[in-house]
Amino acid sequence: MTSTSLPLAGSEVSIPALGVGTWAWGDRATWGMGGYDTSLTRSTIEEAFEASVDAGVTLFDTAEIYGRGESERILGALLGADDKRAASVQVATKFMPFPWKLDVRASLLRSLRASLDRLGVEAVDLYQIHGPVSLRSHGAIADALAEAHQLGLARAVGISNYSASETRAMASALEKRGLRLASNQIEFSLLRTDPEADGLLATCRQLGVVALAYSPIGQGRLTGKYSADNPPPGKRTFGNLPMSVVDGITAVLRGIGEKHGGKTPSQVALNWITAKSVVPIPGAKNRRQAEENAGALGWQLDAEDLAQLDGVGRVGHRSLQNRFWQHG
Ligand SMILES: NC(=O)c1ccc[n+]([C@@H]2O[C@H](COP(=O)([O-])OP(=O)(O)OC[C@H]3O[C@@H](n4cnc5c(N)ncnc54)[C@H](OP(=O)(O)O)[C@@H]3O)[C@@H](O)[C@H]2O)c1
């Protein structure tokens, strides 16, 4: 079991220091399910789910748009088939506030009810705004989240891809409605240390907002299994630095892992994130990946390792998509 658990502000919910991302579950374009990754199946997903929960990694992050609802459907089926494990799970999902959803209150409640239906639960533990792309004000979005919370459909509420100033604005808009902002889900890894460099992590800490790190192993790049000669397949646009740069970082991860009795590059990369009190939510396609990722917990990098990793972490890399999507 994981040793630490973090409370989500404004709720009775606590989450472990590490979660699981479920974008790949049912997704073809990026992750190859039903496409290039013939080894990714419902049964390997079930094994990933079981291995994670059994290791105490009980937070599962999904979204209405992942696989057009398929990720939520798969997670819902797993929860429905396994009451014992389901009882210990925290479910986080997301509302996509496309700019054309001008009636944000009605859209959000409709989306949330559809998510609950696919997930087969009465309420989600955490309901997040997927990105800062709505044309509506923070106040209008806060109204919608507050109503979802009052109706008992979301135990805690969060945001994703919001900058430090947007996080403050949303926290304050929610506070005016008697609600706390619980989390901000952001891309944070050794391939993108911007949230630390630009003060976003410090802001989250100050506000009592849990930072969740997405693409924490650079969409597989930091596992050590990809290289300049063997780049990752699929359309993986987060953490997409040149593989020659990534190779240098994975060499450092390998060296540090050896010093700690054979920890893998992924485990070192994830442990570096937890050392900053940020909760990584790595995707897992099968039991082996889930078990390896869970092994990022239960040991600690020392100050020398952390300084070395801080030194190789990359800041300032931005694709066009990221500029629009990730505010910082
Ligand atoms: N809010 C947002 O805007 C946003 C954006 C992106 C992601 N997310 C969330 O964050 C989660 C995680 O991010 P991510 O899935 O983009 O990237 P990631 O967690 O950095 O990488 C996940 C991928 O790496 C590979 N992998 C994972 N563990 C491994 C291991 N131990 N050994 C070898 N390979 C391993 C798998 O793909 P292969 O085996 O195919 O290499 C897996 O699908 C998502 O699932 C989603 O829930 C949110």
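How many C-beta neighbours does R68 have inside 10 Å, and does R68 count as buried or exposed? R68 has 11 such neighbours and therefore counts as exposed. The close-up views described below are all taken from a predicted model.

**View 1. The loop between β4 and α2, with R68**. R68 lies in the loop that connects strand β4 to helix α2 (70-81), and its phi is positive, at about 50°, although R68 is not a glycine. Most residues other than glycine have a negative phi. Because 11 C-beta neighbours lie inside 10 Å of R68, and a count of 12 or fewer marks a residue as exposed, R68 is placed in the exposed class.

**View 2. The loop between β7 and α6, with N161**. N161 also has a positive phi, of about 70°, without being a glycine, and its place is in the loop between β7 and α6. N161 is buried, because 22 other C-beta atoms lie within 10 Å, and the threshold for a buried residue is 20 or more.**View 3. The open sheet and its edge strands**. Eight strands form an open sheet, in the order β3-β4-β5-β6-β7-β8-β9-β10, and their pairing is parallel. The edges are taken by β3 (19-21) and β10 (279-280), each of which has a single partner strand, so one side of each is left without a neighbour in the sheet. The partner of β3 in this view is β4 (residues 59-61), joined to β3 by 3 bridges and running parallel to it, and within this pair V20 stands opposite F60 of β4. Helix α6 packs on the sheet, where it touches β7 (154-160) and β8, and the direction of α6 makes about 160° with that of β8.

**View 4. Strand β5 between its two partners, β4 and β6**. All residues of β5 (residues 90-95), 6 of 6, are buried, so the strand is largely enclosed by the rest of the structure. In a regular strand the side chains alternate between the two faces of the sheet. In β5, Q90, A92 and K94 point one way, while V91, T93 and F95 point the other way, and all of them are buried. On one side, β4 and β5 pair in the parallel sense over 3 bridges, with D61 standing opposite A92; β5 is also joined to β6 by 4 bridges, again in parallel, and there the bridge partner of A92 is L126.

**View 5. Strand β7 and its pairing with β6**. Strand β6 (residues 124-129) is joined to β7 by 5 bridges, and the two strands run parallel; L126 of β6 has A156 as its bridge partner in β7. Of the 7 residues of β7, 6 are buried, so this strand is largely enclosed by the rest of the structure.

**View 6. The buried face of helix α8**. In helix α8 (residues 200-207), the residues L200, L201, T203 and C204 are buried. Seen down the axis of α8, these buried residues fall within an arc of 160°, so they line one face of the helix. They pack against two helices and two strands, namely α6 (164-176), α7 (194-197), β8 (181-187) and β9 (210-214). Just after α8, G208 takes a positive phi of about 75°.

**View 7. The surroundings of L75 in helix α2**. L75, which has its place in helix α2, is buried, because 28 other C-beta atoms lie within 10 Å of its own. Leaving aside residues up to four places away in sequence, L75 touches T22, W25, F60, T62, V91 and L119. The C-alpha atom of L75 is separated by 27 Å from that of T264, a residue 189 residues apart from L75 along the chain.

**View 8. Q308 in helix α12**. Q308 belongs to helix α12 (residues 303-312) and is partly exposed, with 17 other C-beta atoms within 10 Å. When residues up to four places away in sequence are not counted, Q308 touches V252 and I256. Q308 and V279 are 29 residues apart in sequence, and their C-alpha atoms are 21 Å apart in space.

**View 9. The shell around the ligand**. There are 32 residues around the ligand, of which G21, W23, Y214, G220 and G283 come nearest. By class, this shell has 16 polar, 11 nonpolar and 5 charged residues. Helix α11 (residues 287-294) gives the most to the shell, with 3 residues.

Methods. Residues are numbered from 1 along each chain as its sequence is written. This is a predicted model: local features need pLDDT of at least 70, side-chain atom pairs count only at pLDDT 80 or more; totals for chains, interfaces and linings use all residues. A residue is near a molecule or strand if its C-beta atom, placed from the backbone, lies within 6 Å of it. Ala, Val, Leu, Ile, Met, Phe, Trp, Tyr, Cys and Pro count as nonpolar, Asp, Glu, Lys and Arg as charged, and the others, Gly among them, as polar. The arc is that of the directions from the helix axis to the C-beta atoms. Two residues are in contact if their C-beta atoms, placed from the backbone, lie within 7 Å. Two strands pair if DSSP finds at least two bridges between them. Axes are lines fitted to C-alpha atoms, for helices over the stretch in contact, and angles run from 0 to 180 degrees between N-to-C directions.
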